[in-house]
Amino acid sequence: MGRTALIVIDMINTYDHPDADRLIPSAESVVPAVSGLLRRARRRGVPVIYVNDNFGEWRSHHGELLDHALAGPHADLVKPLVPDDASLFVVKARHSIFFETPLGYLLGQQGIDRLVLCGQVTEQCVLYSSLDAHIRHLHVIVPRDAVAHIHADLADAALRMMERNMGARVCDSDELWNDAP
(Lines give C-alpha, C1' and ligand atoms only; values in the text may rest on other atoms or scores of the structure.)
Protein backbone atom coordinates (compact mmCIF):
# COMPACT_ATOMS: atom_id res chain seq x y z
CA MET A 1 0.00 0.00 0.00
CA GLY A 2 1.25 3.46 -0.87
CA ARG A 3 0.16 6.74 0.58
CA THR A 4 -3.28 8.17 1.21
CA ALA A 5 -4.47 11.60 0.07
CA LEU A 6 -7.56 13.54 1.07
CA ILE A 7 -9.34 14.79 -2.05
CA VAL A 8 -11.73 17.73 -1.55
CA ILE A 9 -14.11 17.91 -4.51
CA ASP A 10 -15.81 21.15 -5.60
CA MET A 11 -16.16 22.72 -2.15
CA ILE A 12 -14.70 26.04 -3.31
CA ASN A 13 -18.03 27.13 -4.68
CA THR A 14 -20.20 30.21 -5.12
CA TYR A 15 -23.39 28.10 -5.21
CA ASP A 16 -24.58 30.16 -8.14
CA HIS A 17 -25.68 27.31 -10.40
CA PRO A 18 -28.75 25.17 -11.15
CA ASP A 19 -29.79 22.96 -8.21
CA ALA A 20 -27.77 25.08 -5.75
CA ASP A 21 -30.89 25.62 -3.66
CA ARG A 22 -31.16 21.83 -3.25
CA LEU A 23 -27.40 21.40 -2.64
CA ILE A 24 -26.85 24.13 -0.05
CA PRO A 25 -28.65 22.42 2.90
CA SER A 26 -26.62 19.26 2.33
CA ALA A 27 -23.40 21.24 1.91
CA GLU A 28 -24.10 23.02 5.20
CA SER A 29 -24.45 19.66 6.93
CA VAL A 30 -21.13 18.26 5.61
CA VAL A 31 -18.87 21.29 6.16
CA PRO A 32 -18.10 20.30 9.79
CA ALA A 33 -17.13 16.75 8.76
CA VAL A 34 -14.98 17.97 5.85
CA SER A 35 -13.35 20.55 8.11
CA GLY A 36 -12.61 17.82 10.66
CA LEU A 37 -11.07 15.61 7.96
CA LEU A 38 -8.90 18.50 6.80
CA ARG A 39 -7.71 19.22 10.33
CA ARG A 40 -6.88 15.57 11.10
CA ALA A 41 -5.25 14.91 7.71
CA ARG A 42 -3.05 18.00 8.01
CA ARG A 43 -2.05 17.09 11.56
CA ARG A 44 -0.92 13.66 10.33
CA GLY A 45 0.87 14.96 7.24
CA VAL A 46 -1.64 13.40 4.82
CA PRO A 47 -1.53 15.23 1.47
CA VAL A 48 -4.62 17.36 0.82
CA ILE A 49 -5.59 17.92 -2.80
CA TYR A 50 -8.47 20.18 -3.78
CA VAL A 51 -9.95 19.28 -7.16
CA ASN A 52 -12.39 21.97 -8.11
CA ASP A 53 -14.62 22.85 -11.02
CA ASN A 54 -13.64 25.98 -12.89
CA PHE A 55 -17.37 26.80 -13.40
CA GLY A 56 -16.68 27.78 -16.99
CA GLU A 57 -14.17 30.46 -15.99
CA TRP A 58 -11.46 29.45 -18.44
CA ARG A 59 -9.12 32.28 -17.50
CA SER A 60 -9.28 31.61 -13.79
CA HIS A 61 -6.88 29.80 -11.51
CA HIS A 62 -7.36 28.41 -8.01
CA GLY A 63 -6.69 31.72 -6.27
CA GLU A 64 -9.34 33.49 -8.31
CA LEU A 65 -11.84 30.68 -7.72
CA LEU A 66 -11.21 30.92 -3.98
CA ASP A 67 -11.43 34.73 -3.90
CA HIS A 68 -14.68 34.66 -5.87
CA ALA A 69 -16.23 32.03 -3.55
CA LEU A 70 -15.13 33.91 -0.42
CA ALA A 71 -16.69 37.11 -1.76
CA GLY A 72 -20.00 35.39 -2.53
CA PRO A 73 -23.16 35.02 -0.48
CA HIS A 74 -22.20 31.52 0.74
CA ALA A 75 -18.69 32.29 1.95
CA ASP A 76 -19.62 30.69 5.28
CA LEU A 77 -19.54 27.31 3.51
CA VAL A 78 -16.08 27.98 2.09
CA LYS A 79 -14.21 29.71 4.96
CA PRO A 80 -13.82 26.57 7.13
CA LEU A 81 -12.38 24.68 4.14
CA VAL A 82 -9.85 27.14 2.74
CA PRO A 83 -6.69 25.48 1.38
CA ASP A 84 -3.56 26.02 3.44
CA ASP A 85 -0.09 26.63 2.01
CA ALA A 86 0.68 22.90 1.85
CA SER A 87 -2.51 22.00 -0.03
CA LEU A 88 -2.38 21.14 -3.71
CA PHE A 89 -5.04 22.36 -6.14
CA VAL A 90 -6.19 20.91 -9.45
CA VAL A 91 -8.76 22.71 -11.58
CA LYS A 92 -11.23 20.55 -13.51
CA ALA A 93 -13.90 21.31 -16.08
CA ARG A 94 -16.12 18.24 -15.90
CA HIS A 95 -17.49 15.84 -13.30
CA SER A 96 -14.59 13.45 -12.70
CA ILE A 97 -11.51 14.64 -10.86
CA PHE A 98 -9.48 12.73 -13.45
CA PHE A 99 -11.09 13.89 -16.71
CA GLU A 100 -8.39 15.79 -18.59
CA THR A 101 -6.63 16.90 -15.40
CA PRO A 102 -3.06 16.20 -14.26
CA LEU A 103 -4.33 14.46 -11.12
CA GLY A 104 -3.31 10.94 -12.19
CA TYR A 105 0.22 12.11 -12.85
CA LEU A 106 0.34 14.01 -9.55
CA LEU A 107 -0.83 10.95 -7.58
CA GLY A 108 1.80 8.78 -9.28
CA GLN A 109 4.56 11.29 -8.52
CA GLN A 110 3.49 11.38 -4.87
CA GLY A 111 3.19 7.58 -4.55
CA ILE A 112 -0.49 7.89 -3.64
CA ASP A 113 -2.73 4.89 -4.23
CA ARG A 114 -5.53 5.47 -1.73
CA LEU A 115 -7.98 8.37 -1.97
CA VAL A 116 -10.38 9.68 0.62
CA LEU A 117 -13.05 11.46 -1.43
CA CYS A 118 -15.10 14.19 0.23
CA GLY A 119 -17.05 17.16 -1.08
CA GLN A 120 -19.86 17.43 -3.56
CA VAL A 121 -21.97 16.17 -5.32
CA THR A 122 -22.26 12.54 -4.14
CA GLU A 123 -24.42 11.34 -7.03
CA GLN A 124 -22.39 13.20 -9.62
CA CYS A 125 -18.74 14.24 -9.21
CA VAL A 126 -17.98 11.95 -6.25
CA LEU A 127 -19.54 8.93 -7.98
CA TYR A 128 -17.78 9.54 -11.30
CA SER A 129 -14.48 10.23 -9.56
CA SER A 130 -14.79 7.03 -7.56
CA LEU A 131 -15.38 5.05 -10.74
CA ASP A 132 -12.41 6.68 -12.47
CA ALA A 133 -10.22 5.97 -9.42
CA HIS A 134 -11.40 2.34 -9.40
CA ILE A 135 -10.50 1.77 -13.05
CA ARG A 136 -7.06 3.22 -12.28
CA HIS A 137 -6.61 0.59 -9.52
CA LEU A 138 -6.70 3.18 -6.75
CA HIS A 139 -8.29 2.38 -3.40
CA VAL A 140 -11.20 4.65 -2.50
CA ILE A 141 -12.69 5.64 0.83
CA VAL A 142 -15.84 7.77 0.97
CA PRO A 143 -16.92 9.21 4.32
CA ARG A 144 -20.71 9.36 3.93
CA ASP A 145 -21.07 12.33 6.29
CA ALA A 146 -18.53 14.37 4.30
CA VAL A 147 -20.21 14.23 0.88
CA ALA A 148 -23.08 16.56 -0.04
CA HIS A 149 -25.93 15.72 -2.36
CA ILE A 150 -28.69 17.25 -4.41
CA HIS A 151 -30.98 14.21 -4.33
CA ALA A 152 -30.76 12.10 -1.17
CA ASP A 153 -32.14 8.96 -2.80
CA LEU A 154 -29.61 9.13 -5.63
CA ALA A 155 -26.81 9.84 -3.17
CA ASP A 156 -27.72 6.72 -1.18
CA ALA A 157 -27.74 4.68 -4.38
CA ALA A 158 -24.40 6.20 -5.44
CA LEU A 159 -22.80 5.28 -2.11
CA ARG A 160 -24.09 1.71 -2.46
CA MET A 161 -22.73 1.55 -6.03
CA MET A 162 -19.32 2.82 -4.94
CA GLU A 163 -19.19 0.24 -2.19
CA ARG A 164 -20.56 -2.73 -4.10
CA ASN A 165 -19.41 -2.13 -7.68
CA MET A 166 -16.16 -0.27 -7.09
CA GLY A 167 -14.96 -1.79 -3.84
CA ALA A 168 -14.93 1.57 -2.08
CA ARG A 169 -14.95 1.68 1.68
CA VAL A 170 -17.91 3.79 2.80
CA CYS A 171 -17.60 4.90 6.41
CA ASP A 172 -18.13 7.82 8.79
CA SER A 173 -15.54 10.59 8.76
CA ASP A 174 -14.68 10.11 12.42
CA GLU A 175 -13.29 6.67 11.56
CA LEU A 176 -10.44 8.35 9.65
CA TRP A 177 -7.32 9.69 11.30
CA ASN A 178 -9.02 9.68 14.68
CA ASP A 179 -6.69 9.90 17.65
CA ALA A 180 -9.11 7.99 19.85
CA PRO A 181 -8.29 4.29 20.46
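Begin by selecting R144 and D172, which form a salt bridge (a side-chain nitrogen of Lys or Arg within 4 Å of a carboxyl oxygen of Asp or Glu) with their closest N and O atoms 3.0 Å apart. The pair links distant parts of the chain, 28 residues apart: R144 belongs to the loop between β5 (139–143) and β6 (147–148), and D172 to the segment after β7 (169–171). Helices (H or I, at least four residues) and strands (E, at least two) are DSSP runs, numbered from the N terminus.

This is a predicted model, in which local features need pLDDT of at least 70 and side-chain atom pairs count only at pLDDT 80 or more, while totals for chains, interfaces and linings use all residues. Residues are numbered from 1 along each chain as its sequence is written, and side-chain values use heavy atoms, with hydrogens and water left out.

Colour next by accessibility: buried means under 20% relative accessible area, exposed over 50%, and partly exposed in between (1.4 Å probe, protein chains only). R144 is partly exposed at 40%, and D172 is partly exposed at 30%.

**Further salt bridges**

The structure holds four salt bridges. Select D84 and R42, whose side chains meet in one of them at 3.0 Å, N to O. D84 lies in the loop between α2 (62–70) and β3 and R42 in helix α1 (residues 20–44), so this salt bridge ties together parts that are 42 residues apart in sequence. D84 has a relative accessibility of 32% and counts as partly exposed; R42, at 29%, also counts as partly exposed.

Move on to E175 and R169, another salt bridge, with the closest N and O atoms 3.2 Å apart. E175 is partly exposed, its relative accessible area being 43%, and R169 is partly exposed at 38%.

**Helix α2**

Select α2 and display L65, L66 and A69, which are buried. Viewed down the axis of α2, these buried residues fall within an arc of 95° (the arc of the directions from the helix axis to the C-beta atoms), so they line one face of the helix. On the face turned away from the buried side are the exposed residues D67 and H68. Add β2 and β3 to the selection: they are among the elements that cover the buried residues of α2, where contact means heavy atoms within 4.5 Å.

**Helix α3**

Proceed to helix α3 (residues 103–110), where L103, L106 and L107 are buried. Down the axis of α3, its buried residues fall within an arc of 100°, so they line one face of the helix. The face directed away from that buried side carries the exposed residues Y105, G108 and Q109. The cover over the buried residues of α3 includes β2 (48–53), β3 (88–92) and β4 (112–120). Then select G111, which follows α3 and has a positive phi, near 70°.

**M161 in helix α5**

Which helix holds M161? Select α5 (residues 152–166), where M161 has its place. M161 counts as partly exposed, with 37% relative accessibility. Display L127 and M166 as well, since M161 touches both, not counting residues up to four places away in sequence. Finally, draw a distance from the C-alpha atom of M161 to that of E123: the two atoms are separated by 10.0 Å, and the residues are 38 apart along the chain.
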